[in-house]
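Thanks for coming. I will go through one structure today, starting in the middle of its sheet and working outwards.

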Amino acid sequence: MTSEDHTRSRTAALLQQLRALDLEEETFTRRLAGRRAVGTRALIEEAGGVKAAAALLGLDPRTVSRRTRLDDVAMVIYRNTAGVDVDGRPYGETGRGGDVQREADARWWRVDPKQRPKIKLLVVVFRGEVTRIWRVRPDQPWNPKRDDPRYVEVPVEDTPLTADEVAQHYPDLGLNLGDERPMRQGLIREDLPLSRPDELEGPS
């Protein structure tokens, strides 16, 4: 192995390690938020309301109310066709993989700016089957379409998640690669919660 090959191999290994750490951090943060939501709901019930719980915590009632909600979602997109748009952009299953497929999945979607920070995954369903699950990068912008800025490119990672990564880090999603997900008439996309607070362990 040449020095250049060794450097490339080492770089690839470091990138993989950092990606794994990012996933672990996101999983920990989401589960911690879930436990806090459960605990906050329990305190509100015991204290007799949001205002009473807020007084005990020394927080604004709006902050306490916000802590009871789990906002992280997966954006699920449904497709049953494939081809090339008038602008030459492939869509659907391109059969080409790599950047071509990533861009076909990520472009172009009309997403409310307030909703974008909540979207952690992009799930692709093609003809009733989950084909890819992408992690959305929180540190990257949602680039608008040049001729219509209402539509944006979802800033997904360079490679989709593996089935093992999905099972380990997103167990509450309820979907994984190869799962059936029938398309309902008129439904192009939907958001699914990434946490189920009623199933999370509360404080003892």
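**The sheet and what packs around it**

Let me begin with a single pair: valine 124 has arginine 132 in β5 as its bridge partner. Keep in mind throughout that this is a predicted model.

That pair belongs to a longer run of pairing. β4 and strand β5, residues 129-135, are antiparallel and share six bridges. Elsewhere in this pairing, leucine 122 stands opposite tryptophan 134 in β5. The two strands make a hairpin with two residues between them, and arginine 127 in the turn has a positive phi of about 50°.

Now the other side of β4. Strand β1, residues 73-79, pairs with β4 in the parallel sense, over seven bridges. Valine 73 has isoleucine 119 in β4 as its bridge partner. Further along, isoleucine 77 stands opposite valine 124 in β4. So valine 124 is the residue I started from, with arginine 132 in β5 as a bridge partner and isoleucine 77 opposite it as well.

As a general reminder, strands of a sheet pair through backbone hydrogen bonds, in either the parallel or the antiparallel sense.

Putting the strands together, there is an open sheet of four, in the order β5-β4-β1-β8, and the pairing is mixed. Which strands stand at the edges? They are β5 and β8, the latter being residues 189-193; each has a single partner strand, so one side of each has no neighbour in the sheet. On average, neighbouring strands here are turned by 25° against each other, direction ignored.

Helix α4 packs on this sheet and touches β1, β4 and β5, with its direction at about 95° to that of β5.

How many residues of strand β4 are buried? Eight of the eight, over residues 119-126, so β4 is largely enclosed by the rest of the structure. β5 is mostly covered too, with five of its seven residues buried.

Back to helix α4, which covers residues 98-106 and has glycine 98 in it. Is glycine 98 buried or exposed? Its relative accessibility is 51%, and because the cut-off for exposed is over 50%, glycine 98 counts as exposed. The C-alpha atom of glycine 98 is 9.7 Å from that of proline 160, and these two residues are 62 apart along the chain.

Other parts of the helix are covered. Gln101, Arg102, Ala104, Asp105 and Ala106 in α4 are buried. The cover over the buried residues of α4 includes β1, β3 (90-91), β4, β5 and β7 (148-152).

β7 has a pairing of its own. Strand β6, residues 144-145, pairs with β7 in the antiparallel sense over two bridges. Lysine 145 has aspartate 148 in β7 as its bridge partner, and a hairpin of two residues joins β6 to β7.

After α4, the chain runs through a loop to β4, and glutamine 115 is in that loop. What does glutamine 115 touch, neighbours within four places in sequence aside? It is in contact with Val73 and Asp191. Glutamine 115 has 18% relative accessibility and so counts as buried.

**The first two helices**

Moving to the start of the chain, the axes of helix α1, residues 3-47, and helix α2, residues 50-57, come within 7 Å and cross at roughly 110°. That makes α1 roughly perpendicular to α2. In this contact, Leu43, Ile44 and Ala47 of α1 meet Val50, Ala52, Ala53, Leu56 and Leu57 of α2. By class, the contact residues are eight nonpolar, no polar and no charged.

**Confidence**

Last, how far to trust this. The chain averages a pLDDT of 85, and 94% of the residues score at least 70. Which element has the lowest mean pLDDT, and which the highest? The lowest is strand β2, residues 83-84, at 76, and the highest is β5, at 96. Over residues 197-204 the pLDDT is below 50, and this stretch has 16 contacts in the model beyond near neighbours in sequence. Where pLDDT is low, the predicted coordinates should not be read in detail.

Technical notes
Residues are numbered from 1 along each chain as its sequence is written. This is a predicted model: local features need pLDDT of at least 70, side-chain atom pairs count only at pLDDT 80 or more; totals for chains, interfaces and linings use all residues. Side-chain values use heavy atoms; hydrogens and water are left out. Axes are lines fitted to C-alpha atoms, for helices over the stretch in contact, and angles run from 0 to 180 degrees between N-to-C directions. Angles under 35 degrees count as roughly parallel, over 145 as roughly antiparallel, 65 to 115 as roughly perpendicular and the rest as oblique. Contact means heavy atoms within 4.5 Å. Ala, Val, Leu, Ile, Met, Phe, Trp, Tyr, Cys and Pro count as nonpolar, Asp, Glu, Lys and Arg as charged, and the others, Gly among them, as polar. Buried means under 20% relative accessible area, exposed over 50%, partly exposed in between (1.4 Å probe, protein chains only). Two strands pair if DSSP finds at least two bridges between them. pLDDT is the predictor's confidence in each residue, from 0 to 100.
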